[in-house]
Amino acid sequence: MFEPVTIEDFLAKLAEIKSEADLTRIKASFEFAQKAHFGQKRESGEDFVQHPLEVASIVFDLGMDTTSIMAAFLHDVVEDTPIDIEEIRKQFGSEVALLVDGVTKLTRLAFQSKQEQQMENLRKMFLAMAQDLRVIIIKLADRLHNMRTLKHLPEEKQKKIAKETLEIYAPLTHRLGMWKVKWELEDLALRYLDPEAYYDLVNKVAMKRQEREGIISAVKQTLQRALAEIELKAEVQGRPKHFFSIYEKMQEQGKDFSEIYDLMGLRVIVPTVQDCYEVLGIVHTLWKPMPGRFKDYVAMPKSNMYQSLHTTVIGPNGEPLEIQIRTWEMHRTAEYGIAAHWLYKENSPDDKELHEKIAWLRHLIEWQGEMKDSEEFMETLRIGLFMDEVFIFTPKGDVKNLPAGSTPVDFAYSIHSALGHQCTGAKINGRLVPLDYQLKNGDIIQIISSKQSTGPSRDWLQFVKTSKAKNRIRQWLREQLREENIQIGREMIERELRKRGMDIQENMRQENLLETTKKFGFTIIDDLLSAVGDYKVTANQVLGKMGLEKEPLRPLKSEFEERKRTRKSSQGIKVRGVENLLVRFSKCCNPVPGDPIVGYITRGKGVSVHRQDCPNLGSEDNERIIEVAWDQEIQGTYPVDIEIEGLDRVNFLTDIMNAISEMKLYLSAAKARSKKGLAFINLTLEIAHSDQIQLIFKRVKKVEGVQRIYRVSRLVR
Ligand code: MN
């Protein structure tokens with residue numbers, strides 16, 4: 001059916017329109033491919049290099065540029081020979097390398113799964129992986145030649161490739177408006193998928209052909225004569241329908257072959273748009289149009305920018321006959337689709353006409369409905385349709401799409417919450433990767449999970465991308481927190497009982513607790529305990545509802561007052577060389593034992609003790625500063641002011657309070673405010689030694705959302 005292309009003929013054809021420089025580069029790419037594939041044979045027995053030569057020839061016939069032709073020659077070199085992409089880059093530049101790399105990646109895409117619902121995903125992935133539209137066109141040319149030579153493969157392989165062609169490649173050509181390639185791919189696919197139906201159709205069409213051709217040539221002559229009379233330059237072509245479209249029509253409409261009339265139509269190609277309508281008028285005066293069959297795709301182009309006038313008229317024998325009328329420009333777009341964009345556009349990417357052409361590309365993109373920044377896309381002629389998605393394979397070969405930037409953890413949660421919780425590691429293409437690895441198109445991912453896993457880590461929230469993963473992790477953490485709160489709540493109630501000298505065992509009995517729980521409107525004891533641990537209910541309130549006397553042996557306040565008293569004395573501080581000096585702690589920086597401190601001799605109020613880094617100690621008055629030190633046997637607690645900054649959320653304060661309470665620290669003051677989504681929390685904690693501060697910082701930083709934590713000093717001057 002197809003004569004093999006020879007390199008001599010091809011170069012001769014190229015020489016007619018290509019510059020000397022382009023010819024030299026194209027020739028070099030052919031010779032490189034020839035050398036690289038040397039000794040390799042195709043299934044047909046011919047030298048392998050014949051395949052890239054044929055592909056390059058198809059690419060040229062589609063009107064593609066020099067870069068595309070070179071890439072077509074080299075398209076199988078990286079996949080099938082030891083030469084790598086770097087070598088291609090060195091020899092032929094980065095643009096050619098980019099195209100070769102793209103085609104290689106698409107080749108490596110294994111379409112293992114045949115499930116219908118995955119086809120759309122596969123097609124999207126296909127487009128996403130090819131960063132340059134020319135990659136797709138070369139890949140389609142590659143597939144076309146492989147389909148043309150499919151007869152050399154074993155039957156099973158033929159069917160697999162034909163099915164893939166029909167499911168992936170033909171819809172792509174449709175999307176790109178490349179009708180000529182589409183028809184050929186579809187007819188070839190049908191031939192291998194349903195040979196019986198295909199050859200049956202071929203025979204029936206051939207049998208009807210004579211009869212049809214008689215009609216067509218009569219109509220053609222009538223029309224040509226009418227057009228010549230008004231001196232309209234037009235080409236009138238007989239247009240055989242491709243087999244697959246007849247097959248599809250019969251299948252879809254449940255029709256028999258004898259009921260399909262429009263096996264052949266007529267096409268009229270004219271110079272201008274105005275001519276189109278003029279021809280239409282003439283056609284309608286010659287034959288009676290069928291009502292409802294006229295379509296004006298000139299005024300209203302199809303979404304892939306197809307333009308033509310379609311009308312169906314009643315022919316001489318009373319049979320319907322479809323006539324398409326279009327300009328040469330429209331014809332080129334109809335035949336080559338997206339490829340028409342490059343037609344005769346070598347080395348002139350900036351001219352005005354190109355921008356007009358780009359308009360239909362833009363329509364194409366808008367039609368996809370995915371691309372926001374189509375303007376920018378057009379500048380680079382890159383495919384950015386699905387940049388916000390990443391397509392990956394499961395070990396079984398299913399395609400999954402996730403938002404770009406997703407990680408193995410996102411993937412695990414997208415499969416199942418339990419898999420997410422138990423996820424301990426991941427393999428990408430068989431290699432171990434960190435959990436925050438960003439998935440790439442075409443990755444084959446395998447999750448390593450363990451039932452012994454300690455569960456998700458709070459850190460995961462920093463890198464997961466999907467809201468599903470985020471929500472599941474938060475939910476899990478909340479449940480964990482609840483466990484902790486129950487524990488803390490129980491301890492708080494017990495502590496309160498102990499403080500009042502009451503019987504813990506007796507008061508904490510199940511039925512006792514359950515009764516109290518109900519009084520709070522809860523149904524299960526854990527809810528009450530967790531509420532106490534979460535500071536929603538105080539231990540005092542619980543004891544009150546238990547019917548225990550509020551009259552405490554030692555109320556909380558007095559305990560605190562006692563501590564304050566301890567602190568107020570000068571106990572714990574030694575002032576070098578001076579005895580019995582009035583010593584007090586500064587209120588601005590609240591030094592605690594362990595802090596490096598200095599004394600400041602005040603006017604008439606003795607020595608005030610500051611932290612060495614207190615901002616209130618100016619550089620002046622240096623003679624007033626004296627050395628002081630903490631006593632070895634210091635006791636009591638000292639207040640420390642800290643401020644916490646974080647991203648505000650529900651329970652942010654509660655979570656921080658829980659962290660503090662976990663450390664069994666006494667909190668003497670708390671203040672929280674929220675501003676523009678940020679939360680600021682000021683706490684005054686009673687602590688015994690500065691070492692505790694680092695522990696507090698460490699613990700509080702683990703609370704989700706905490707951004708900063710630091711000690712506060714108040715400026716008093
Ligand atoms: Mn190939």
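## The manganese site

Donors are N, O and S atoms within 2.8 Å of the metal. In this predicted model, the manganese ion has four such protein atoms listed around it: NE2 of His51, NE2 of His75, OD of Asp76 and OD of Asp142, lying 2.1 to 2.3 Å from the ion. Along the chain, these donors follow the spacing H-x23-H-D-x65-D.

If you trace the chain, you will find that His51 belongs to helix H3 (residues 50–61) and Asp142 to helix H9 (residues 133–148). The two are 91 residues apart, and the pair links distant parts of the chain. His51 has a relative accessible area of 1%, so it counts as buried. Asp142, at 5%, is buried too.

## The largest nonpolar core

Now let us turn to the nonpolar side chains. In soluble globular proteins, such side chains tend to be buried together. Here the largest nonpolar core has 60 residues, and the members that touch the most others are Phe10, Ile69, Phe73, Leu74 and Ile88. Helix H9 supplies the largest share of this core, with 8 residues.

Which residues does Leu74 contact, leaving aside its neighbours within four places in sequence? They are Ser29, Phe32, Ala33, Ile88, Phe92, Val96 and Val100. There is also a second, separate core of 31 residues, which includes Tyr638, Val640, Leu683 and Val703.

## Aromatic pairs

The model holds 8 aromatic pairs. One of them joins Phe10 and Phe60: the ring centres are 5.9 Å apart and the planes stand at 80 degrees, so the pair is edge-to-face. Phe10 sits in helix H1 (residues 7–15) and Phe60 in helix H3, 50 residues apart, so to speak of this pair is to speak of a link between distant parts of the chain. Both rings belong to buried residues: Phe10 has a relative accessible area of 2%, and Phe60 has 12%.

Tyr297 and Tyr306 make another pair, with ring centres 6.0 Å apart. Their planes meet at 65 degrees, and edge-to-face applies over 60, so this pair is edge-to-face as well. Tyr297 and Tyr306 are both buried. Returning to Phe10, you can also find this residue in an aromatic cluster with Phe30, Phe60 and Phe73.

## A four-stranded sheet

Further along the chain, an open sheet of 4 strands has the order S18-S19-S17-S20, and its pairing is antiparallel. Why is one side of S18 and of S20 left without a neighbour in the sheet? Strand S18 (666–675) and strand S20 (706–711) stand at the edges, and each has a single partner strand, so one side of each stays without a neighbour there. From one strand to the next, the twist averages 15 degrees.

Strand S17 (residues 638–647) pairs with S20 in the antiparallel sense over 5 bridges. Within this sheet, Ile644 stands opposite Ile709 in S20.

## Helices across the sheet

Two helices are worth finding next. Helix H27 (residues 652–662) lies across S17, S18, strand S19 (678–687) and S20, and runs at about 20 degrees to S19. Helix H28 (residues 691–701) lies across S17, S19 and S20, running at about 165 degrees to S20.

Note on methods:
Residues are numbered from 1 along each chain as its sequence is written. This is a predicted model: local features need pLDDT of at least 70, side-chain atom pairs count only at pLDDT 80 or more; totals for chains, interfaces and linings use all residues. Side-chain values use heavy atoms; hydrogens and water are left out. Two strands pair if DSSP finds at least two bridges between them. Axes are lines fitted to C-alpha atoms, for helices over the stretch in contact, and angles run from 0 to 180 degrees between N-to-C directions. Contact means heavy atoms within 4.5 Å. Donors are N, O and S atoms within 2.8 Å of the metal (3.2 Å for Na, K and Ca); water is not among the atoms, so sites may look incomplete. Buried means under 20% relative accessible area, exposed over 50%, partly exposed in between (1.4 Å probe, protein chains only). A nonpolar core is a set of buried Ala, Val, Leu, Ile, Met, Phe, Trp, Tyr and Cys residues joined through side-chain atoms within 4.5 Å. Rings of Phe, Tyr and Trp (its six-membered ring) pair if their centres lie within 6.5 Å; planes under 30 degrees apart count as stacked, over 60 as edge-to-face and the rest as tilted.
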